[in-house]
Amino acid sequence: MIVIDLKCSQDHYFEGWFAGLEVFYQQQKDGEIQCPICDDHQISRLLSPVAIRRHGEAPPQPVPEAKPEATLTKQWQELKNYLQTQFEEVGTDFAKEALKMHYGAAEKRNIKGSSTAQEEEVLQKEGVEFFKIPVLKEGN
Ligand SMILES: [Zn+2]
C-alpha cells in the first residue's frame, strides 16, 4: 500500500491509500476517488516540495518514481556485465593508467578501478575523460 497526498478542485487536502501508483492513476482516470469533505471527483496529486539550492551545490539526484524494481535491477545487471566483460580491472592504479593512456604511454583500453578525489581532480585537469560507476545496492 502507498499513501498519496491528494487535493480536490476545492483545495481540500487529504490522503488516499492505494495498492500502487498505477491503481491510483486508474482510479483517478475513472473518477473513482472522492474528496471526503465535498465529494468532489476532480482529484489531483500534490506535487513534492521543491527547493532552490545555493549556487555551486550539486542538485539532488532525481529519484526515479514508480519505476518497477525489476527494471532497475535489470539495468544494473546489464551495466555490471558490461563492466565485467569490457573493462580491465586496474584497482587503485586507475588514475596512473588513465594518465598513461592519455599520453600514449600505454595502449588505450577500457579500464576500471578506484580513485581518490585528488586523483580525479588531476584527471579532470589533464582532460582525461572518465566516468563514475554508479554504486547501486545489488538486488537481494
Ligand atoms: Zn473537496
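In this predicted model, aspartate 5 finds its bridge partner in β2, and that partner is glutamate 15. The bridge belongs to a longer run: strand β1 (residues 2-8) and β2 pair up in the antiparallel sense, with six bridges between them. Helix α1 (residues 21-29) packs on the sheet and touches β1, β2 and β3. The direction of α1 makes about 120° with that of β2.

Now for the sheet itself. Three strands make it up, in the order β2-β1-β3, and the sheet is open, with antiparallel pairing. β2 (13-18) and β3 (43-45) sit at the edges with a single partner strand each, so each has one side with no neighbour in the sheet. From one strand to the next, the twist averages 45°.

Stepping back to the whole chain, there are four helices and five strands. Read from the N terminus, the elements come as β-β-α-β-α-β-α-β-α. Of the 140 residues in the chain, 6% are buried. Counting contacts between residues at least 6 apart in sequence, 40% link residues that are at least 24 apart.

Phenylalanine 94 is worth a look too. This residue lies in helix α3 (residues 94-102). Phenylalanine 94 counts as buried because 20 other C-beta atoms lie within 10 Å, and the cut-off for buried is 20 or more. Setting aside neighbours within four places in sequence, the contacts of phenylalanine 94 are Ile111, Gly113, Ser114 and Ser115. As for threonine 116, 22 residues away along the chain, its C-alpha atom is separated from that of phenylalanine 94 by 9.6 Å.

Terms used
Residues are numbered from 1 along each chain as its sequence is written. This is a predicted model: local features need pLDDT of at least 70, side-chain atom pairs count only at pLDDT 80 or more; totals for chains, interfaces and linings use all residues. Helices (H or I, at least four residues) and strands (E, at least two) are DSSP runs, numbered from the N terminus. A residue is buried if 20 or more other C-beta atoms lie within 10 Å of its own, exposed if 12 or fewer, and partly exposed in between; C-beta atoms are placed from the backbone. Two residues are in contact if their C-beta atoms, placed from the backbone, lie within 7 Å. Two strands pair if DSSP finds at least two bridges between them. Axes are lines fitted to C-alpha atoms, for helices over the stretch in contact, and angles run from 0 to 180 degrees between N-to-C directions.
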